[in-house]
Amino acid sequence: MKILIRTILSMAFSIFLADAGVRGNAEVLKTLFTVLGIAFSISMSLLLSFDLSKILNSPVRKSIRREITHTRTMLLIDFVLSTLFLVVALLWNPDCIRYEICSWLVIDIELITLLCIGFSLFYEIYNFSCIHKLHGDIEDAVIAEESGKKIKQT
């Protein structure tokens, strides 16, 4: 649902910006996608590096695993859609990349794609910070649990 909302917002903003004279640019699009790919790679490596073996509480471990799987799936879907948007924009006929439907409705395929990828990049950065925070919270909880056990043993 969030991806659909971001896509609709991208289209709405691109119509507004295209009407104001802003044009999409293939080079900016490629650069932004490269940055998105780097952010995606970092987020995925953080997700894959979680070590849940020290979390002894089974319901908590399953809940965290479920959230990690959900986040991974959403990141993959977002990245695949961004890739599809990029491919469509780059393969689109360059002579017909901008359509003026009426005086206030201008559709620029590259600009729509640029904004979709831009929103995806912000989504990736937000998820990156959430994943990083979760990683730290899990480490703190494991340390607290292990410290509590050591105190009880002495």
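In the predicted model, a nonpolar surface patch of about 620 Å² is formed by the side chains of Met1, Leu4, Ile5, Ile8, Leu9 and Phe13. One of these patch residues, Leu9, belongs to helix H1, which spans residues 2-19. Leu9 is classed as partly exposed because its relative accessibility is 39%, a value that lies between the limits of 20% for buried and 50% for exposed residues, and that also meets the requirement of over 30% relative accessible area for inclusion in a patch.

Helix H1 also takes part in an internal feature of the model, since it is among the elements that give two or more residues to the lining of the largest cavity. By the rule applied, the structure contains 1 cavity of 30 Å³ or more, and the largest cavity encloses about 70 Å³ of space. Its lining is made up of Ile3, Arg6, Thr7, Ser10, Asp78, Leu81, Ser82, Phe85, Cys116, Phe119 and Ser120. Besides H1, the elements that supply two or more residues to this lining are helix H3 (58-91) and helix H4 (109-153).

Cys116, one of the residues lining the largest cavity, has a relative accessible area of 6% and is therefore buried, the cut-off for this class being under 20%. Cys102, by contrast, is counted as partly exposed because its relative accessibility reaches 31%. With regard to covalent links between cysteine sulfur atoms, the structure holds 0 disulfides, as no pair of such atoms meets the cut-off of 2.5 Å.

Methods: Residues are numbered from 1 along each chain as its sequence is written. This is a predicted model: local features need pLDDT of at least 70, side-chain atom pairs count only at pLDDT 80 or more; totals for chains, interfaces and linings use all residues. Side-chain values use heavy atoms; hydrogens and water are left out. Patches are made of residues with over 30% relative accessible area and no salt bridge: like charges are joined within 9 Å, nonpolar side chains (Val, Leu, Ile, Met, Phe, Trp, Tyr) within 5 Å. Accessible areas come from the Shrake-Rupley method with a 1.4 Å probe; for residues, only the protein chains shown count as cover. A salt bridge is a side-chain nitrogen of Lys or Arg within 4 Å of a carboxyl oxygen of Asp or Glu. Helices (H or I, at least four residues) and strands (E, at least two) are DSSP runs, numbered from the N terminus. Buried means under 20% relative accessible area, exposed over 50%, partly exposed in between (1.4 Å probe, protein chains only). On a 1 Å grid over the protein atoms alone, a cavity is a set of points where a 1.4 Å probe fits but cannot get out, and a pocket is an open set with protein on both sides within 12 Å along at least five of seven lines; lining residues have an atom within 4 Å of a point. Grid points are joined across faces, edges and corners, and a volume is the space filled by probe spheres set on the points.
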